[in-house]
Amino acid sequence: MTDATPGTETAERPMIRLDRLAKRYPGQAQAAVEELSLDIPEGRIVAFVGPSGCGKTTTMKLINRLIEPTSGRIHLDGQDVTELPVHELRRRIGYAIQSSGLFPHRTVADNIATVPRLLGWPRQRVTERVDELLTMVGLAPATYRDRYPKQLSGGQQQRVGVARALGGDPQVMLMDEPFGAIDPQNREALQDEFLRIQRTVRKTIVFVTHDIDEACRMGDLIAVFGENGKVRQYDTPERILAEPADEFVAAFIGSGAAVRRLSLTRLDALDVPEWPTVDADADPERRLAVARAQDREYCLLLDADRRPAGWLPTEEADTEPPSHFPVFSTLGPHSTLFDALDLMLSADTSTVVAVDDEGRYRGVLEMDTVRELINGERTAAGHGRLQEA
Amino acid sequence: MTFLDYFASNWTDVADATLAHAVLVLQGLGLAVLIGVPVAVATYRTGAPRTAVLGFAGLLLTIPSYALFGLLITPLGLGTGPSVVALTMYALLPVLRNAVVGLRALDPAVVESARAMGMTRPRVLLTVELPLAWPVLLTGLRVATQLLLGIAAIAAAVNGPGLGNLILDGLASAGTPYAAYLTVEGCLGIVLLAVVFDLLFAGLNRLTTAKGLGA
């Protein structure tokens, strides 16, 4: 399954191309990485996921030559990486790791300025870059610029670590469990923040993790590593969860794949079913007509801007002014089916109103719709995340 | 004649000897740093060579000081030469070992990050590894200095400079009224130097340790 081009991908330019890459250590019967070929498309996050010792970190370190391959080629933006002096190659590749690896004897600003200074940027530009990056990762430059790493919390250190990796504005970033040491709650916030940053910087990113949930969350594509750096499946998170290539991948995903798929399906990628609606300022006869034309218990009232205004009980459709129940449960286009199901269960309701960015009505999701979507009876409009590019 | 009366009569001799003692110790320490730190840098990431040099430096420290000074007369003659060389040999272990320990105790993630960001090997060493290992190395220098201050007294036995001469003169004139005074002066001089050097090292540590390190 070391297929170099995942099935659903359209022809995108590969930024990193691994060509029959292998790494063997002397005295070890098993190769650390065995004959790996993989294309990493430009501007995408590719998650390397697998159990410990599967060669995912080794493969990542082969890319910036922290580890030299035994055989095979690595092309970065079309160029063989061995053609460049190794330190010049590395200055073009951002690097962020779990323990952050910040220089404890240097200030936050000096840490972030490391690569820009190595690249010989003028002082003024370095200072501006540091402040820009601190702002980007959500740390106020004036407050944090002159602090030392030990004066920061774990989460803040990771932010600085990411800012430092972005320092020289590299085309490519290598990240090895960059949020691994953070508690789950803050990790999720950091992941979201990083995805937000990625939407603007559009780097090509190799993201190593052992956590399939994190891989699904962060990766546009996922490479599932088995033993000896063998990639068992390389595809979108949706397809890996829906159609694991073999038993190894299925076992690695483990139980709960259906629920994970829910969180991968964004509402803007769905044709949300229609629901009987009526204008809030329509006259009683019109309301009654709409109510009688359908068999639901409630119709949805929309205001002049087509925003949900309330639930109109079918039985009392013609009372004046219209009696109605407030709409508590609306979800925007960036919410997922997981959010929808969560809202239904926590708000004890069977309907969730889907709205667009301006809060206007798009449709109504029911528990049954969600169930059909999980079972694949209803087809989604497309792959939400890959379309957003 | 009390001790203080006696001291008033020869304090210039004591001052000269104290200064010479301090200079002798610093020379020995300086040479040990010039040899020990490069050797540490060259061997700290190796296996067998590192064990070998640490073992050798440890061996030097076990040679009785009186014997070592004496043995060095043959190749180096009398005076300052053999004294400095002997002290260098004794200082080598604390300097070398602390340099190796300091360099090896660094967080591998920090060093890996430095390499991964495209720092060249000399730059990693000079701007990351040595500054981070500096507090441990400095502790080694402090220990070596205290060690050398005592051992340097033996230098007098090979006609070397320093406070050992006062002690030796006292021993040579044992039985005369002022013999003990001479010896006490020599000892007090060494104690005074030990206190002064320790304060200097404490100050140096505070001034030169990077702000982000330490407590």
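# Reasoning about a predicted two-chain model

In chain A, four strands form an open sheet in the order β2-β1-β4-β5, and the pairing within this sheet is antiparallel. The structure is a predicted model, and the exchange below works through how some of its features earn their names.

Me: What makes β2 and β5 of chain A edge strands?
Reply: Each of these two strands, β2 and β5 (79-80) of chain A, pairs on one side only, and that is what marks them as the edges.

Me: How do you know that strand β1 of chain A is paired with strand β2 of chain A?
Reply: Two strands count as paired if there are at least two bridges between them. Strand β1 (residues 14-23) and strand β2 (residues 33-41) of chain A are joined in the antiparallel sense over six bridges, so the requirement of at least two bridges is met. Among the partners, Ile16(A) is bridged to Ile40(A) in β2(A), and Leu21(A) is bridged to Leu36(A), also in β2(A).

Me: What makes β1(A) and strand β4 of chain A a pair as well?
Reply: Here five bridges join β1(A) to strand β4 (residues 71-76) of chain A, and the two run antiparallel; since the rule asks for at least two bridges, the name of a pair is justified again. One of the positions to look at is Ala22(A), which stands opposite Ser71(A) in β4(A).

Me: Why is the contact between Lys61(A) and Glu112(B) called a salt bridge?
Reply: The term asks for a side-chain nitrogen of Lys or Arg within 4 Å of a carboxyl oxygen of Asp or Glu. For Lys61(A) and Glu112(B) the closest N and O atoms are 2.7 Å apart, so the pair satisfies the limit of 4 Å. Side chains of opposite charge can pair when their charged atoms come close. Between chain B and chain A the count is one salt bridge, while a search of the whole structure finds 27 over all chains.

Me: Why does the salt bridge between Lys230(A) and Glu34(A) tie together parts that are apart in sequence?
Reply: The closest N and O atoms of Lys230(A) and Glu34(A) are 3.4 Å apart, which places the pair within the limit of 4 Å. Lys230(A) lies in the loop between β9 (221-225) and β10 (231-235) of chain A, whereas Glu34(A) belongs to strand β2 of chain A, so this salt bridge links parts that are 196 residues apart in sequence.

Me: How do you know which residues of chain B and chain A are in contact, and how many are there?
Reply: Residues are in contact when heavy atoms lie within 4.5 Å, and by that test 22 residues of chain B are in contact with 23 residues of chain A. The two chains bury about 2,000 Å² between them, with 62% of this area on carbon and sulfur atoms. Of the area that chain B buries against chain A, 30% is supplied by Glu112(B), Ala116(B) and Met117(B), which is more than any other three residues give.

Me: What makes up the side of chain B that touches chain A?
Reply: Seven residue pairs are in polar contact between the two chains. The elements that give two or more residues to this side of chain B are α6 (108-116) and α7 (121-151) of chain B, and the largest share, seven residues, comes from α6(B). By kind, the residues of this side divide into 12 nonpolar, six polar and four charged.

Me: How do you know that chain B is built from helices rather than strands?
Reply: Chain B has nine helices and zero strands. UniProt, in an unreviewed entry, lists residues 18-201 of chain B as "domain: ABC transmembrane type-1", and that span is 81% helix and 0% strand. The same record places a "transmembrane region" at several spans of chain B, including residues 20-41 and 178-201. Residues 20-41 of chain B are 100% helix, with end C-alpha atoms 32 Å apart, and residues 178-201 of chain B are 96% helix, with end C-alpha atoms 35 Å apart.

Technical notes
Residues numbered from 1 in each chain as written. Chains lettered and ligands numbered in written order. Predicted model: local features only at pLDDT ≥ 70, side-chain atom pairs only at ≥ 80, totals over all residues. Heavy atoms only, no water. UniProt positions renumbered as here; feature names shortened; annotations may be inferred. Buried area = accessible area lost by both parts, 1.4 Å probe. Polar contact = N/O pair within 3.5 Å; in protein donor to acceptor, adjacent residues only side chain to side chain. Nonpolar A, V, L, I, M, F, W, Y, C, P; charged D, E, K, R; others polar.
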